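Subject: Handing over the structure

Hi,

Here is the structure I promised to pass on to you. My notes on what turned up in it follow below.

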Amino acid sequence: MDVNRIFCIGRNYAEHIKELGNTPDEAFVLFMKPASCVVPLGESLTLPRGKGSVHHEAELVVALTGGGADIAEADALTHVSHLTLGLDLTLRDLQNALKKNGSPWELSKAFDQAAPLGEWKAYHGQDLQALEFTCRVNGALRQHGKTGDMLFSVARQIHILSQTWALRDGDILYTGTPSGVGPLLPGDRIALESADIGRFEWNCV
Ligand code: ZN
């Protein structure tokens, strides 16, 4: 699949908001990564050096078949074509410094290889708010996501996005990360897994 735009939702799970010290509110936090950030399976993750900690954020990712502007929440899922799991890699120390300065997040979120993606599975209408997924580093459980805990459902995310962007074929959406984010180090092996989607692994170098 050719990725067009990568939309990412921040602060979408109550527990993760707590661990980063933010307060839950109605604000919808959105940022983007360029399509060139995608890392396919089988490629190693070369962690950026000298820029502080690189955190994993395991997320459900959905691919859209366009849909255009102003999509009603009730129709939103008819525009989902595929599902997978992905990593929203984040230079956490740098992000914290940028937040403090009120600066944009690109340097901490949109670097090369910041968007590893698993294999796409066709979406057959299963309940996207009833999925579970895990993130393990060297076999140890780091994150266990239940999409039922999302503050903004996938349908609502698509609805909100479509009020600003006419959604196009190949747009993908990282739907936010649950609690348990943490640093990756060279030599680590990171695995994302969901019974409904599959198991995907990368080596960090
Ligand atoms: Zn994220």
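Let me start with His 159, which touches Ile 71, Ala 72 and Glu 73 when residues up to four places away in sequence are left aside. Please keep in mind that this is a predicted model. His 159 belongs to helix H4, which covers residues 154-161. The side chain of His 159 also has a polar contact, at 3.2 Å, with the side chain of Gln 163.

Next comes the sheet that H4 belongs with. Six strands form an open sheet with mixed pairing, in the order S2-S1-S12-S5-S6-S9. The edges are strand S2 (29-33) and strand S9 (121-122); each has a single partner strand, so one side of each is left without a neighbour in the sheet. H4 packs on this sheet and touches strand S1 (6-10), S2, S5, S6 and strand S12 (167-174). The direction of H4 makes about 130° with that of S12. At the S9 edge, strand S6 (residues 80-87) runs antiparallel to S9, and two bridges join them. One residue to look for there is His 82, whose bridge partner in S9 is Ala 122.

Now the interior. The largest nonpolar core has 54 residues, and the members that touch the most others are Val 62 and Ile 158. Strand S5 (residues 58-68) supplies the largest share of this core, six residues. What does Val 62 touch, not counting residues up to four places away in sequence? The list is Val 80, His 82, Leu 83, Trp 120, Leu 128, Val 154, Asp 171, Ile 172 and Leu 173. His 82 is thus a contact of Val 62 as well as the bridge partner of Ala 122.

You will probably want to look at the metal site, too. Which residues are the protein donors of the zinc ion? They are Glu 57 (OE), Glu 59 (OE) and Asp 88 (OD), lying 1.9 to 2.1 Å from the ion. Along the chain, these donors follow the spacing E-x1-E-x28-D. Are the two glutamates buried or exposed? Glu 57 has a relative accessibility of 5%, so Glu 57 counts as buried, the cut-off being under 20%. Glu 59 is buried as well, with a relative accessible area of 0%.

Trp 105 is another residue to visit. Where is Trp 105 in the chain? Trp 105 sits in the loop between helix H2 (92-101) and helix H3 (106-109). Its relative accessibility is 17%, which is under the 20% limit, so Trp 105 counts as buried. Apart from residues up to four places away in sequence, Trp 105 touches Arg 11, Val 29, Phe 31, Gln 95, Leu 98 and Lys 99. Trp 105 and Lys 33 are 72 residues apart in sequence, while their C-alpha atoms are 9.9 Å apart in space.

Finally, a word on strand S10 (residues 132-137). S10 pairs with strand S11 (residues 140-146) in the antiparallel sense over six bridges, and Cys 135 stands opposite Gln 143 in S11. The hairpin of S10 and S11 has two residues between the strands, and Asn 138 takes a positive phi near 50° there. S10 is also joined by four bridges to strand S14 (residues 189-194), again running antiparallel. In that pairing, Arg 136 stands opposite Ala 191 in S14.

Happy to talk it through whenever suits you.

Best wishes

Terms used. Residues numbered from 1 in each chain as written. Predicted model: local features only at pLDDT ≥ 70, side-chain atom pairs only at ≥ 80, totals over all residues. Heavy atoms only, no water. Donors = N, O, S within 2.8 Å, 3.2 Å for Na, K, Ca; no water. Buried < 20%, exposed > 50% of the residue type's maximum accessible area, 1.4 Å probe, protein only. Contact = heavy atoms within 4.5 Å. Polar contact = N/O pair within 3.5 Å; in protein donor to acceptor, adjacent residues only side chain to side chain. Pairing = 2+ DSSP bridges. Core = buried A, V, L, I, M, F, W, Y, C linked by side-chain atoms within 4.5 Å. Axes fitted to C-alpha atoms, helices over the stretch in contact; angles between N-to-C directions.
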